[in-house]
Amino acid sequence: MTAAVLVFSTFSMLAPAFVHAGTYDDYFTAVKMDAPRELQDLIKRGLGPNMVEPQRGYSALMLSIREDSMKAFNVLFNTPGIDLEAKAKNGDTALMVAAFYGKTDVVKLLLDKEVEVNRPGWTALHYAAINGRPDTIKLLLDASAYIDAESPDDKMTPLMLAAVRGRTAAVRLLKEEGADVTLKNADGMTALDLARHFDQKETVEELTGKHTPWSQQKPE
């Protein structure tokens, strides 16, 4: 092999890395700034829909959800080869990020693609309970989310998480859908114990049966 051929071969192998380094920041800027045309152009240039940012290991799809960049989300979501089950460094998925940020429309789109709802550890239902959105919770439950899933270490159920934060409507729905109010976390506390401890008076009333069932309430 001549020196010229060797140099050319080496450059050919390294070229994709140079292209990647030069466009990586542009790619995630396009996601954050919700710039679909720029994002589509970068995808066509070979970066693909499954790029991962280094800080949290979020996929571009997760980042678009977090940043409320719905035009970028639509580009990524509809690009062939998109990995809807990709996990961040902490194990979060796109469905979990959408549930945490209360993106009910995105949750529905992902569920329509039959993404995984139940998993060991933290789940989308935990995050929806923290956020306190009954509509998101209902979608997840209708997709067979395990209602009494326990978080790692603390063994907090979705009902407990909603109770701690005073998410009364979420507590109401979870209880009506069959959440076990007698379960205890790692500290031996039930959802009612937690609501009392954090002085969530309306939630205490809900858990003791003094509120109207969620299904019987009129929409505001």
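Which helix holds both Phe73 and Phe77, and how many residues apart are they? Both sit in helix H4 (residues 70–77), with a spacing of 4 residues, about one turn of the helix. A word before going on: what you're looking at is a predicted model.

**Rings**

A pair of aromatic rings is described by the distance of the centres and the angle of the planes. The structure has 6 aromatic pairs. In the one formed by Phe73 and Phe77, the ring centres are 5.3 Å apart and the planes meet at 20 degrees, so this pair counts as stacked. Neither ring's residue is out in the open: Phe73 and Phe77 are both buried.

Elsewhere, ring pairs tie Phe100, Tyr101, Trp122 and Tyr127 together into a cluster. Tyr127 is also one of the buried residues of H7, a helix we'll get to shortly. There's a charge-over-ring arrangement too: Arg56 places its charged end over the ring of Tyr58, 5.7 Å from the ring centre.

**Helix H7 and its histidine**

How many of the 8 residues of H7 are buried? The count is 7, so H7 is largely enclosed by the rest of the structure. The buried set runs Ala124, Leu125, His126, Tyr127, Ala128, Ala129 and Ile130. These residues pack against helix H5 (94–100) as well as H8, H9 and H10. Right after the helix comes Gly132, with a positive phi near 80 degrees.

His126 is the H7 residue to zoom in on. Its relative accessibility is 0%, and under 20% is what buried means, so His126 counts as buried. Which backbone atoms does the side chain of His126 reach? One is the backbone oxygen of Met156, at 3.1 Å. Another is the backbone nitrogen of Ser151, at 3.5 Å. Leaving out residues up to four places away in sequence, His126 touches Gly121, Ala149, Glu150, Ser151, Met156, Thr157, Pro158 and Leu161. So Ser151 and Met156 turn up in the contact list of His126 as well as in its side-chain polar reach, at 3.5 Å for the Ser151 nitrogen and 3.1 Å for the Met156 oxygen.

**Helix H10 and the core**

Helix H10 (residues 168–176) has its own buried set: Thr168, Ala170, Val171, Arg172, Leu173 and Leu174. Note that Arg172 is in that list. The cover over these residues includes helix H7 (124–131), helix H8 (134–142), helix H9 (158–164) and helix H12 (201–207). Just past H10, Gly178 has a positive phi of about 110 degrees.

Leu174 links this helix to the bigger picture. The largest nonpolar core has 66 residues, and those with the most contacts inside it are Tyr27, Leu39, Leu95, Leu110, Leu140 and Leu174. Beyond residues up to four places away in sequence, Leu174 touches Ala129, Ile137, Leu141, Ile147, Pro158, Leu159, Ala162 and Ala179. Among those partners, Ala129 is one of the buried residues of H7.

**Positive phi without glycine**

Two residues in the loop between H8 and H9 deserve a look: Ser144 and Lys155. Ser144 has a positive phi although it is not a glycine, and Lys155 likewise has a positive phi in a residue other than glycine. Are they buried or exposed? Ser144 is exposed, with a relative accessible area of 53%, while Lys155 counts as partly exposed at 40% relative accessibility. The table sets their phi values beside those of the two glycines that follow helices.

| Residue | Phi |
|---|---|
| Ser144 | about 75 degrees |
| Lys155 | near 55 degrees |
| Gly132 | near 80 degrees |
| Gly178 | about 110 degrees |

**The two ends of helix H2**

Helix H2 covers residues 36–47, and Pro36 lies in it. Leu47 is in H2 as well. Pro36 counts as partly exposed, at 24% relative accessibility, whereas Leu47 counts as buried at 14%.

Each residue also has a partner from elsewhere in the chain. Pro36 and Met70 are 34 residues apart in sequence, yet their C-alpha atoms are 9.2 Å apart in space. For Leu47 the partner is Tyr24: the two are 23 residues apart along the chain, with 8.3 Å between their C-alpha atoms. As for contacts, Pro36 touches Lys71 and Val75, again not counting residues up to four places away in sequence.

Note on methods. Residues numbered from 1 in each chain as written. Predicted model: local features only at pLDDT ≥ 70, side-chain atom pairs only at ≥ 80, totals over all residues. Heavy atoms only, no water. Buried < 20%, exposed > 50% of the residue type's maximum accessible area, 1.4 Å probe, protein only. Contact = heavy atoms within 4.5 Å. Polar contact = N/O pair within 3.5 Å; in protein donor to acceptor, adjacent residues only side chain to side chain. Phe/Tyr/Trp six-rings, centres within 6.5 Å; stacked < 30°, edge-to-face > 60°. Lys NZ or Arg CZ within 6 Å of the ring centre and 35° of its normal. Core = buried A, V, L, I, M, F, W, Y, C linked by side-chain atoms within 4.5 Å.
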